[in-house]
Amino acid sequence: MKLLVTGGAGYIGSITTRLLLDAGHEVVVLDNLSTGFPEAVAPGVTLVDADIRDAGRVLTPAAGFDAVLHFAGLIAAGESMARPELYWDHNVIRSLALLDAVRAARVPRFVFSSTAAVYGNPTELPITESAVKAPTSTYGATKLTFDHALTSEAFAHGLAAVSLRYFNVAGAYLRPDGTAVGERHDPETHLIPIALQVAAGKRDKLQLFGDDYPTPDGTCVRDYIHVEDLARAHLLALDAATPSEHRIFNLGNGNGFSNRQVVEAVREVTGVDLPVEIAPRRSGDPAALVASSAKARSELGWVPEKDTLQAMISDAWEFYHGHVAR
Ligand SMILES: NC(=O)c1ccc[n+]([C@@H]2O[C@H](COP(=O)([O-])OP(=O)(O)OC[C@H]3O[C@@H](n4cnc5c(N)ncnc54)[C@H](O)[C@@H]3O)[C@@H](O)[C@H]2O)c1
């Protein structure tokens, strides 16, 4: 297939691009490089340095794209509460402009990077796709809004749409030929890369927000998924996309790991006894977020292969220590 990957210079989009190329697809990346890195784009792939609101420049009827994979967006829940207008603009207004271009170019398939943040504080665990959607951040609200837009687009215009709701993504893409692509968000807001920055001496200490949650060790529990397992799900989603349907799948391991378990695993992998400070709870942080990915497993045939914390952290550490922190 000929594919347009928006956000293909970012963490997840650049890794998924590599798996798409391995599977024999042709890929064009569209990215405005606001948080992405040109060197993360897979070699040989055309990088169009443009905003998604201008996607019509690339997505013409003559270009013959078979699908768009839409990773581009703003991703920090905390920032979305301080600057909501940015998130509504990028994740909704500009994404709707992308959808206009998709319709005008008659692109038949669309795969969207949605998020566990659409669910907010879960009323039951594990979280299934039919759980109550009550986002506690503007980020989650914008992603849910675009999910709704895809539902109506599929209904009204026949788009084969798939939303993949990622839980916490971790790990890196490493190959024996030296290829290494991983997480480089700035500022970093995710626990594992922050812990690795502490292990590498780039930060003084790791803060854990709250140790009095109703969880086995009192710290928050989250569901982590290896970025390669996540990327593979996009290939399955392309195959499963069905005209006039909006299919939605959670992607997580179905296993929760507490913040303290993450710290212990980082200590084991890096050999560094990182200093940890317990800070007050952050408002809006649910005690536990664990996915049910039963639907992705049964309907997409998706099976995570790197589902241990050790696998995710050792890949992330090899990337960070070997390629970023040097
Ligand atoms: N990283 C996670 O744990 C996680 C979890 C759930 C969902 N997601 C979703 O996955 C997607 C990718 O996340 P990521 O971690 O790779 O983020 P990232 O910041 O590394 O990548 C996003 C990419 O999109 C580009 N971009 C942003 N706005 C753009 C615009 N208006 N036009 C063109 N390009 C634009 C950036 O330059 C960047 O290359 C996001 O949509 C995010 O909401 C990520």
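**Figure 1. Overview of the protein chain.** The protein chain has nine helices and 15 strands. Its radius of gyration is 19 Å, close to the 20 Å that the globule rule gives for 326 residues, so the chain is as compact as a globular protein of that length. This is a predicted model. Along the principal axes, the C-alpha atoms fill a box of roughly 55 × 45 × 40 Å. Of the 326 residues, 49% count as buried. Contacts reach across the sequence: among those between residues at least 6 apart, 79% join residues at least 24 apart.

**Figure 2. The two domains and the contact between them.** Domain 1 covers residues 2-169 and 225-251, and domain 2 covers 173-223 and 254-324. Their C-alpha centres lie 23 Å apart. The contact takes 33 residues from domain 1 and 29 residues from domain 2. On the domain 1 side, the elements that give two or more residues are H1, strand S11 (221-226), helix H6 (227-240) and S12. H6 gives the most to this side, with seven residues. By class, the domain 1 side divides into 19 nonpolar, ten polar and four charged residues.

**Figure 3. The shell around the ligand.** Which residues come nearest to the ligand? Of the 27 residues around the ligand, they are Gly 7, Gly 10, Gly 36, Ala 72 and Ser 113. Helix H1 (11-22), H3, S5 and strand S7 (168-170) each give two or more residues to the shell. The largest share, three residues, comes from H1. H1 also gives two or more residues to the side of domain 1 that touches domain 2. The shell has ten nonpolar, 14 polar and three charged residues.

**Figure 4. Helix H4, end to end.** Helix H4 runs over residues 138-157. How far should its 20 residues span? At 1.5 Å a residue, the expected span is 28 Å; the end C-alpha atoms are 28 Å apart, which agrees. Just after H4, Gly 158 takes a positive phi of about 80 degrees.

**Figure 5. The buried residues of H4 and their partners.** The start of the list is an unbroken run: Thr 138, Tyr 139, Gly 140, Ala 141, Thr 142, Lys 143 and Leu 144 are among the buried residues of H4. Phe 146, Leu 150, Glu 153 and Ala 154 are buried too. An α-helix has 3.6 residues a turn, so residues three or four places apart point the same way. What do the buried residues of H4 pack against? Two of the partners are helices, H2 (77-82) and H3 (84-104). The others are strands S5 (109-115), S6 (160-166) and S12 (246-251). Of these partners, H3 and S5 also give two or more residues to the shell around the ligand. S12 gives two or more residues to the side of domain 1 that touches domain 2.

**Figure 6. Two cis peptide bonds.** Where do the cis bonds fall? One joins Leu 125 and Pro 126, with omega about -5 degrees. Pro 126 is found in the loop between S5 and H4. Another joins Asp 186 and Pro 187, with omega about 5 degrees. Pro 187 lies in the loop between strand S9 (180-181) and helix H5 (191-199).

**Figure 7. Positive phi at Leu 33 and Arg 106.** Leu 33 is not a glycine, yet its phi is positive, about 60 degrees. Leu 33 lies in the loop between strand S2 (26-31) and strand S3 (46-49). Is Leu 33 buried or partly exposed? With 15 other C-beta atoms within 10 Å, Leu 33 is partly exposed. Arg 106 is not a glycine either, and its positive phi is about 55 degrees. Arg 106 is found in the loop between H3 and S5. With 13 other C-beta atoms within 10 Å, Arg 106 is partly exposed.

**Figure 8. Arg 184 and its contacts.** Arg 184 lies in the loop between S9 and H5. Pro 187 is in this loop as well. Arg 184 has 17 C-beta neighbours inside 10 Å, so it counts as partly exposed. Which residues does Arg 184 touch, not counting those up to four places away in sequence? They are Tyr 11, Phe 37 and Val 324. Arg 184 and Leu 300 are 116 residues apart in sequence, and their C-alpha atoms are 29 Å apart in space.

Terms used. Residues are numbered from 1 along each chain as its sequence is written. This is a predicted model: local features need pLDDT of at least 70, side-chain atom pairs count only at pLDDT 80 or more; totals for chains, interfaces and linings use all residues. Helices (H or I, at least four residues) and strands (E, at least two) are DSSP runs, numbered from the N terminus. The expected span of a helix is 1.5 Å times one less than its number of residues. A residue is buried if 20 or more other C-beta atoms lie within 10 Å of its own, exposed if 12 or fewer, and partly exposed in between; C-beta atoms are placed from the backbone. Two residues are in contact if their C-beta atoms, placed from the backbone, lie within 7 Å. The radius of gyration is taken over C-alpha atoms; the globule rule is 2.2 Å times the number of residues to the power 0.38. A residue is near a molecule or strand if its C-beta atom, placed from the backbone, lies within 6 Å of it. Ala, Val, Leu, Ile, Met, Phe, Trp, Tyr, Cys and Pro count as nonpolar, Asp, Glu, Lys and Arg as charged, and the others, Gly among them, as polar. Domain bounds come from an automatic or database domain assignment.
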